[in-house]
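User: I would like to work through this chain step by step. Please keep the reasoning short and end each reply on what I asked for.

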Amino acid sequence: MSDRLAVLPQYLLPKGALTNFAGRIAGAKGGAMTTRLIRWFVGRYNVNMDEALDPDITHYASFNDFFTRALRPDARPLAKADYVCPVDGRISQFGRIDKDQIFQAKGHSFSTTALVGGDAALAAQFEHGSFANLYLSPRDYHRIHMPCDGRLTRMIYIPGELFSVNPTTARGIPGLFARNERVVCVFDTANGPFVMTLVGATIVGSMATVWHGVVNPPRTGQVRDWRYANDNIVLKQGEELGRFLLGSTVVMLFPKGTLDFNAAWQAAGPVQLGVVMANVPTAT
């Protein structure tokens with residue numbers, strides 16, 4: 001079966017209703033029922049609870065508490081690199097931005113302007129730059145961390161679709177990451193601006209950042225834009241930026257000439273928080 005045929009049912013599913021229902025279940029404090037759900041999930045997806053700060057599943061009052069669990073402080077040491085991987089997951093795609101086009105999968109790309117909600121001036125800062133799309137599967141750790149030191153300047157909530165973001169869907173739905181609901185976080189760094197985009201998906205109940213808390217819901221259907229020019233919100237490399245309540249994808253944008261990706265990285269390869277993602281190019 002082709003990928004396009006495989007994803008056809010997603011166009012017909014009531015994705016919003018499913019997402020709202022999943023969000024209510026995940027946030028419920030159901031006692032023994034919640035523990036049974038977590039135990040099933042751990043077994044189904046082979047979740048490594050030995051890495052968790054609290055490995056006892058009976059201690060989590062809700063599925064969301066379990067899903068956004070903290071890791072032991074020694075579980076993800078930070079590599080010595082200019083940019084470290086911000087999440088556990090798999091590399092969907094990464095590389096150079098072709099003027100303003102980001103490669104999604106064979107036959108599919110999307111524009112930086114579409115990704116950031118139509119702000120052409122913001123998108124122009126990343127023309128011919130670099131991107132990385134990283135997929136967080138259900139079994140992964142679901143907190144998102146900083147790849148480098150950065151000062152927050154802006155956050156944009158963009159309403160959209162709620163398609164799945166798994167590899168099959170990425171191959172089958174054009175412009176997926178610029179169509180789905182997303183939260184765009186803009187930072188200034190020593191090497192210029194960078195964007196971290198949290199992409200929503202089917203049954204992703206909400207996305208949250210450490211400076212704002214839960215961004216969605218509410219789902220008002222309107223773009224919301226926060227500016228932080230007068231604030232001093234600075235996050236260090238490796239510090240938590242935000243989290244998904246159920247899994248999804250992050251898309252990062254970097255300006256032209258600011259980084260060289262880890263030569264060992266390859267599309268579809270696994271990655272972990274804290275490993276080398278990239279370094280600033282060496283002057284010649």
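Analyst: A residue counts as buried when its relative accessible area is under 20%. The model is predicted. With that cut-off, both faces of strand S5 can be examined: Ser130, Ala132 and Leu134 on one side are buried, and so are Phe131, Asn133 and Tyr135 on the other.

User: Why is strand S5 described as largely enclosed by the rest of the structure?

Analyst: In a regular strand the side chains alternate between the two faces of the sheet. In S5, one side has Ser130, Ala132 and Leu134, the other has Phe131, Asn133 and Tyr135, and both sides are covered. S5 is largely enclosed because the number of its six residues that are buried is six.

User: Which residue of S5 is the bridge partner of Ile91?

Analyst: Strands of a sheet pair through backbone hydrogen bonds, either parallel or antiparallel. Strand S2, residues 89-96, pairs with S5 in the antiparallel sense over six bridges. In S5, the partner of Ile91 is Leu134.

User: Which residue of S15 is the bridge partner of Tyr135?

Analyst: S5 also pairs with strand S15, residues 249-254. This pairing is antiparallel and runs over six bridges. The partner of Tyr135 in S15 is Thr249.

User: Which residues have the most contacts inside the largest nonpolar core?

Analyst: In soluble globular proteins, nonpolar side chains tend to be buried together. Here the largest nonpolar core has 35 residues. Elements giving two or more residues to this core include S5, S15 and S18. Those with the most contacts inside the core are Phe187, Leu198, Trp211 and Leu241.

User: How many residues does the second, separate core have?

Analyst: This core is separate from the one that includes Leu198 among its most connected members. Among the residues of the second core are Ile97, Leu122, Ile158 and Leu253. Its number of residues is 21.

User: In which order do the three strands of the open sheet lie?

Analyst: The edge strands are S1 (83-84) and S16 (260-261), each of which pairs on one side only. S16 pairs with strand S18, residues 276-279, in the antiparallel sense over two bridges, and Phe261 stands opposite Ala278 in S18. The order is S1-S18-S16.

User: Is Thr258 buried or exposed?

Analyst: Thr258 lies in the loop between S15 and S16. Leaving out residues up to four places away in sequence, Thr258 touches Tyr83, Asn191, Asn279, Val280 and Pro281. Its relative accessibility is 11%, so Thr258 counts as buried.

User: What distance separates the C-alpha atoms of Asn279 and Ala81?

Analyst: Asn279 is in strand S18 and, at 31% relative accessibility, counts as partly exposed. Its contacts beyond four places in sequence include Ala81, Tyr83 and Thr258. Asn279 and Ala81 are 198 residues apart in sequence, yet their C-alpha atoms are separated by 5.9 Å.

User: What share of the contacts with a separation of 6 or more comes from residues 24 or more positions apart?

Analyst: The chain has 284 residues, with eight helices and 18 strands. Asn279 and Ala81 give one example of residues far apart in sequence, at 198 residues. Over the whole chain, the share asked for is 75%.

User: What phi value does His128 have?

Analyst: His128 is in the loop between helix H6 (120-124) and S5. At a relative accessible area of 38%, His128 is partly exposed. It is not a glycine, although its phi is positive, at about 60°.

User: Where does Lys99, another residue with a positive phi, lie?

Analyst: Lys99 is not a glycine, and its phi is about 60°. With a relative accessible area of 47%, Lys99 is partly exposed. Lys99 lies in the loop between S2 and S3.

User: Which residues lie nearest the centre of the second largest pocket?

Analyst: This pocket has a volume of about 280 Å³. Its lining has six nonpolar, four polar and seven charged residues, and S2 and S17 each supply at least two residues of the lining. Of the 17 lining residues, those nearest the centre are Arg76, Asp88, Arg139, Asp140 and Gln272.

Conventions: Residues numbered from 1 in each chain as written. Predicted model: local features only at pLDDT ≥ 70, side-chain atom pairs only at ≥ 80, totals over all residues. Heavy atoms only, no water. Buried < 20%, exposed > 50% of the residue type's maximum accessible area, 1.4 Å probe, protein only. Helix = DSSP H or I, 4+ residues; strand = E, 2+ residues; numbered from the N terminus. Pairing = 2+ DSSP bridges. Core = buried A, V, L, I, M, F, W, Y, C linked by side-chain atoms within 4.5 Å. 1 Å grid on protein atoms, 1.4 Å probe; cavity = no way out; pocket = protein on both sides within 12 Å on 5 of 7 lines; lining within 4 Å. Points joined across faces, edges and corners; volume = space filled by probe spheres on them. Nonpolar A, V, L, I, M, F, W, Y, C, P; charged D, E, K, R; others polar. Contact = heavy atoms within 4.5 Å.
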